[in-house]
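Open the model in your viewer and keep the selection tool handy. We will go from one stop to the next, choosing residues as we go.

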Amino acid sequence: MRLNTDAIDNSAGVNTSDIEVNIKIALTPAVHDGRLTRDARNVLLVEMTEDVAALVLRNNDLQTLALSLAERRGLEFLGFQQRLMQTLERRGLLDRTIELLPDDTELA
């Protein structure tokens, strides 16, 4: 059995919302300057539903695939991950203690 966090299992809802908001933002100038009525915009949004759903499902598939591939290669990439954490720490962008990430001794 495979169990993911809510960030993955619920990502389709978040992704759908993000795409919907971005489409509405992109259409706003056309509505404001009269090139597109609000009713026409709403019809367009309905017509895009299937395309948006397909995009969201594809994004979800790719996210879980990326996680599976990363897990499969886990130890193979440990050195890269460790160097990334070290770099982020030096730049003040990561605190491993707060993020519950292992320190270099634990990784060794």
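The tour covers two helix contacts and then a pocket.

Before you start, note that this is a predicted model, where local features need pLDDT of at least 70, side-chain atom pairs count only at pLDDT 80 or more, and totals for chains, interfaces and linings use all residues. Residues are numbered from 1 along each chain as its sequence is written, and side-chain values use heavy atoms, with hydrogens and water left out.

**Stop one: α2 and α4**

Select residues 11-32 for helix α2 and residues 49-72 for helix α4; helices are DSSP runs of H or I with at least four residues, numbered from the N terminus. Their axes come within 9 Å and cross at roughly 135 degrees. Axes here are lines fitted to C-alpha atoms over the stretch in contact, with angles from 0 to 180 degrees between N-to-C directions. α2 and α4 are therefore oblique to each other (neither under 35, over 145 nor 65 to 115 degrees).

Now show side chains: S11, A12, N15, T16, I19 and I23 of α2 meet V52, L55, V56, N59, N60 and Q63 of α4, contact meaning heavy atoms within 4.5 Å. By class, this contact has six nonpolar, six polar and no charged residues.

**Stop two: α2 and α3**

Keep α2 and add helix α3, residues 38-47. The axes of α2 and α3 come within 11 Å, crossing at roughly 150 degrees, which makes the pair roughly antiparallel (over 145 degrees). Look for I23, K24, L27 and V31 in α2, which meet R41, L44 and L45 in α3. That contact divides into five nonpolar, no polar and two charged residues.

**Stop three: the largest pocket**

Which residues line the largest pocket? Select T16, I19, E20, I23, K24, L45, M48, T49, V52, A53 and V56. About 190 Å³ of space lies in this pocket. Both α2 and α4 give two or more residues to the lining, and the largest share, five residues, comes from α2. Colour the lining by class to find seven nonpolar, two polar and two charged residues.

Conventions. Nonpolar A, V, L, I, M, F, W, Y, C, P; charged D, E, K, R; others polar. 1 Å grid on protein atoms, 1.4 Å probe; cavity = no way out; pocket = protein on both sides within 12 Å on 5 of 7 lines; lining within 4 Å. Points joined across faces, edges and corners; volume = space filled by probe spheres on them.
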